[in-house]
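Please find below a colleague's note on the structure shown here. It is set out as numbered points.

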Amino acid sequence: MTPAPSIVVIGGGPRGTGVIERIAANAAELYGDRPLDLHVVDPHPAGGGRIWRPDQSPLLWMNSMAEDVTMFTDETVELAGPVVAGPALDAWAEDVRAGRITPDADPAVLAEIHGLAGADFPTRRLQSAYLRWTYERALAALPPGITVHEHRTTALAVTGPRGGRQRVRLQDRPEPLLADLVVLTVGHLDAEQDPEQQGLADFARRHALVHLPPDFTADSDLDALRPGEPVIVRGFGLAFVDLMVLLTEGRGGRHENGEYLPSGREPVLYVGSRRGVPYHAKIGYPWTGERPPLPHHLGPAWTEQLLSRTGPLDFRRDIWPAVAKELGHAHYHRLFTAHPERTALAHEVFAEKYAAADPGSPELAGLIAEAVPDPADRLDLDALDRPLDGVRHDSPEAFQEALRAHITADLARRHDPEHSEDLAVFLGLLSAYAQLIRLGDIGSWWHGFFSYLASGPPGPRLHQLLALSRAGVVRFLGADLTVETDEEQGLFRARSATVPGARTEARALVEARLPDPSLRHTASPLLRALRDGGAAITDDGLLAVDPADSRVLDDEGRPHARRLALGPFTTARAGGAFTRPRTGGPAFRQNDAAARAALTFLRDLSCRGLLAS
């Protein structure tokens with residue numbers, strides 16, 4: 001008897017769930033009622049996977065409002081497959097409250113659902129319930145011929161000839177899974193320590209210190225950080241926010257009326273980073289009125305023109321000028337249409353001259369200066385990116401006051417619709433991200449810049465940070481933070497250019513960031529085996545995939561017919577596996593293309609009777 005074709009999805013988090021949803025959406029057209037075995041491999045519950053698993057602290061929030069989170073396509077997504085509508089997180093919660101949906105969730109999570117509003121920032125465990133429901137809905141939508149097999153374990157390797165069935169070796173199973181096609185959607189991964197981190201870890205062991213390397217904060221050993229002792233924290237993004245919450249409220253402290261009431265069990269967090277400031281707060285008001293036409297300067301034709309070039313692209317030379325002009329287009333379109341009293345030219349005149357001027361040219365700068373009298377209304381991306389460049393303070397205390405003022409001003413602006421040009425820039429960032437993904441690996445700087453401007457913490461978290469600063473539980477170190485080791489004294493020492501001459505010493509160092517997605521240092525045996533087996537790896541250590549359908553490329557640039565990969569460890573990494581409704585989420589487009597490629601391949605294989613043993 002000829003075996004049914006089989007597909008193995010390795011990674012059951014949001015990305016794997018999204019691919020399965022697209023398999024279900026496209027199966028009727030591309031696969032019909034043929035039999036198919038679908039295997040899902042993940043040691044954590046499918047739907048949320050590791051990062052969005054249900055057993056997390058209720059103190060940990062998403063950094064998106066409930067109304068801004070969806071796992072479903074809509075007409076704004078460019079895709080070949082059908083749009084299958086589904087509820088965003090807030091609408092799903094409303095369906096739960098109305099009894100139209102009955103999720104299998106913990107009673108505490110159900111209680112959160114009943115109090116959730118669209119503008120609330122949900123807990124991660126609530127998002128886990130939404131993702132699990134999405135996964136179960138996708139399975140229910142599969143044709144009857146597709147049989148699903150879940151494997152709560154870890155995939156260790158994928159082997160097999162290019163033209164034959166693949167073998168997926170599992171951690172606790174003697175026999176491999178046989179697969180006609182494998183999709184890797186393993187998400188964020190642990191990493192081996194690079195030489196710097198290894199040196200810091202060795203130093204910590206020699207002197208009985210604490211060194212916590214880059215990690216998902218919920219998995220870090222925070223019990224090693226002692227009450228009252230100083231801790232140097234390198235990183236000021238979302239991982240730091242989680243760390244801050246778990247070491248304060250998570251240890252019994254309370255926020256009341258804008259003040260922090262400590263429990264006495266908190267360490268003192270000395271935090272700094274390359275920029276020296278936290279990520280910008282999430283914007284706290286909705287869009288109204290006319291949207292900027294996007295993409296404009298950075299559309300598909302521009303992308304195709306770049307892809308037609310020979311030789312490698314240089315981000316700063318070939319890409320960034322057009323990105324900056326696109327973001328400026330979004331900013332000034334909103335300024336002229338929503339706040340014309342702050343402009344000095346007719347919008348039509350400005351728009352025509354802006355379109356004609358070269359990015360970064362004196363003509364463009366002169367036009368903006370003429371048309372926008374107040375410098376505060378002009379878009380300065382360099383100042384946004386590095387607000388502490390050249391800034392110096394005479395004392396650590398002076399810097400504490402200055403950075404509290406910076407955070408307070410950011411909070412005020414990000415919640416003031418009179419500055420709705422900031423929201424337009426956010427939309428421009430989303431549009432630009434969707435185009436830049438088509439270019440493959442463009443380096444890590446852009447992804448960090450995008451996250452800093454567009455994916456910062458909820459406003460309430462920064463209010464809490466201010467309260468912790470005033471209470472002395474958090475201390476700001478500044479920009480261009482360096483960490484040194486003192487063998488004689490057995491201490492870590494931190495310095496920053498922002499406060500010359502100041503130094504902070506501690507017996508604990510925390511690297512508050514996710515591990516680098518590079519396959520050069522990955523701790524995943526699965527990806528190490530893929531890397532060492534001839535898959536193409538970029539200079540940044542990312543797995544090279546075909547941007548059209550996410551097939552894995554070998555070191556000669558040939559796509560592997562039986563292996564696909566999607567996620568942050570690939571050259572087609574997107575901003576997230578879920579996104580805001582009606583923003584054309586590029587991850588959805590990738591999921592659809594991969595699902596259609598997989599179904600077409602398996603159908604053709606089945607029709608030709610080429611299911612290899």
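The points below treat the basis of the model, its strands and sheets, one helix residue and the cavities.

1. The model is predicted, with local features requiring pLDDT of at least 70, side-chain atom pairs counting only at pLDDT 80 or more, and totals for chains, interfaces and linings using all residues. Residues are numbered from 1 along each chain as its sequence is written, and side-chain values use heavy atoms, with hydrogens and water left out.

2. An open sheet of 5 strands follows the order E8-E17-E9-E12-E13 with parallel pairing (strands, E, of at least two residues and helices, H or I, of at least four are DSSP runs numbered from the N terminus; two strands pair if DSSP finds at least two bridges between them). Strand E8 (210–212) and strand E13 (474–478) are at the edges and have a single partner strand each, so one side of each lacks a neighbour in the sheet. From one strand to the next, the twist averages 20 degrees (axes are lines fitted to C-alpha atoms, for helices over the stretch in contact, and angles run from 0 to 180 degrees between N-to-C directions).

3. Within this sheet, strand E9 (residues 230–234) pairs with strand E17 (residues 508–511) in the parallel sense over 3 bridges. Arg-234 stands opposite Glu-511 in E17. Helix H5 (residues 195–206) packs on the sheet and touches E8, E9 and E17, where contact means heavy atoms within 4.5 Å. The direction of H5 makes about 155 degrees with that of E8.

4. Gln-198 belongs to helix H5. Its relative accessibility is 32%, so Gln-198 counts as partly exposed (buried is under 20% relative accessible area, exposed over 50%, partly exposed in between, with a 1.4 Å probe and protein chains only). Residues up to four places away in sequence aside, Gln-198 touches Gln-193 and Arg-205. Its C-alpha atom is separated by 31 Å from that of Leu-465, and the two residues are 267 residues apart along the chain.

5. A further open sheet has 3 strands in the order E4-E5-E6, with antiparallel pairing. Its edge strands, strand E4 (155–159) and strand E6 (177–179), each pair on one side only. With direction ignored, neighbouring strands of this sheet are turned by 25 degrees against each other on average. E4 is joined to strand E5 (residues 166–170) by 4 bridges in antiparallel fashion, and Ala-155 has Leu-170 in E5 as its bridge partner.

6. Strand E15 (residues 491–495) has 4 of its 5 residues buried, so the rest of the structure largely encloses it. The antiparallel strands E14 (residues 482–486) and E15 are joined by 5 bridges, with Asp-486 partnered by Leu-491 in E15. E14 and E15 form a hairpin with 4 residues between them, and Gly-490 in the turn has a positive phi of about 65 degrees. E15 also pairs with strand E16 (residues 504–506), in the antiparallel sense over 3 bridges; there Phe-492 stands opposite Ala-506.

7. How many cavities of 30 Å³ or more are counted? The count comes to 7, a cavity being a set of points on a 1 Å grid over the protein atoms alone where a 1.4 Å probe fits but cannot get out. The largest holds about 110 Å³ of space, a volume being the space filled by probe spheres set on the points, which are joined across faces, edges and corners.

8. The largest cavity is lined by 15 residues, of which Lys-282, Ile-283, Phe-426, Ala-454 and Arg-580 lie nearest its centre; lining residues have an atom within 4 Å of a point. Helix H13 (421–436) and helix H14 (445–454) each supply at least two residues of this lining.

Conventions: 1 Å grid on protein atoms, 1.4 Å probe; cavity = no way out; pocket = protein on both sides within 12 Å on 5 of 7 lines; lining within 4 Å.
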